[in-house]
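Reader: I should be grateful for a close look at one part of this structure, with each technical term explained.

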Amino acid sequence: MAAVAGVTGPAGAAGPSGVAGSAGGAGTFGAAGSGAAAPPVRVLIVDDDALVRAGLSMILGGLPDLTVVGEAADGGEVPAAVAAYAPDVVLMDIRMPRVDGLTATEALRAQPHPPEVLVLTTFDADEQVLRALRAGAAGFLLKDTPPAEIVRAVRRVAAGEATLSPTVTRTLIAHVTAAAPGPVGPDPRRERALRLLSGLSERERQVAVALGRGQTNAEIAGELFMSVATVKAYVSRLLTRLELNNRVQVALLVHDAGLV
């Protein structure tokens, strides 16, 4: 695999973390099944701290269903790294000295068929996290998250699930509410949100508002007298109709519309 300027390839090939690359892990994974097993999830780590990159590589690199395909030290290196290594998931630091992770996430998610992005932060209710989620990040991890939770989060994101608990969703919505002053004159974000939500059915709108309150699928099911499976189907339908990536973006849209 060709080297990318400022970007490190798989640790087994020459990476600073010294973690074995994907070949051994993928082989072990494939041997367990009777036929061709699903390939391991490809992860790109983007952080300006070499120790953080090394630690994440150690956590993820030895697992049979995950492989660290590359590392980058700045958001400006992300386009070349994604083109070179074709990751499924990008672990993206927010604060980097040249191009921050927010700018990199917005540019990446604007591309056709982008990888999923998990943002890394030291704060759990930061306005920067909200910007990343609006841009299409699948969720965020605190840098002191236990290793097992990091692994679980990467797997969930690779499977198309957001990695924010309802509690965290409520915290984020409360942060937006506390931080955002009342609009003076026309509010383009509110007008856009109302326009998008106006195309929903009454039931879809009810589910969307419940997501805006940070409710779980089970809580929504109990409140609206439907099964959890039906709630999941409505959530999937909302994401498709609103052209959003995850339920947190639906919650933010509902808040923008002033419905919660």
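Author: Let us begin with a contact between two helices. Val235, Leu239 and Leu242 in helix 11 meet Arg247, Val250 and Leu253 in helix 12, where contact means heavy atoms within 4.5 Å. By class, this contact has five nonpolar residues, one charged residue and no polar ones; Ala, Val, Leu, Ile, Met, Phe, Trp, Tyr, Cys and Pro count as nonpolar, Asp, Glu, Lys and Arg as charged, and the others, Gly among them, as polar.

The model is predicted: local features need pLDDT of at least 70 and side-chain atom pairs count only at pLDDT 80 or more, while totals for chains, interfaces and linings use all residues. Residues are numbered from 1 along each chain as its sequence is written, and side-chain values use heavy atoms, with hydrogens and water left out.

Helices are DSSP runs of H or I with at least four residues, numbered from the N terminus. Helix 11 spans residues 228-242 and helix 12 residues 247-256; their axes come within 10 Å and cross at roughly 70°. Such axes are lines fitted to C-alpha atoms over the stretch in contact, and angles run from 0 to 180 degrees between N-to-C directions. The two helices are therefore roughly perpendicular to each other, a term for angles of 65 to 115 degrees. Their crossing is left-handed: the near helix is turned anticlockwise from the far one by less than a right angle.

Helix 12 is mostly covered, with nine of its ten residues buried, that is, under 20% relative accessible area (1.4 Å probe, protein chains only). Among the buried residues are Val250 and Leu253. Just after helix 12, Gly258 takes a positive phi of about 80°.

Methods:
Parallel < 35°, antiparallel > 145°, perpendicular 65-115°, else oblique. Buried < 20%, exposed > 50% of the residue type's maximum accessible area, 1.4 Å probe, protein only.
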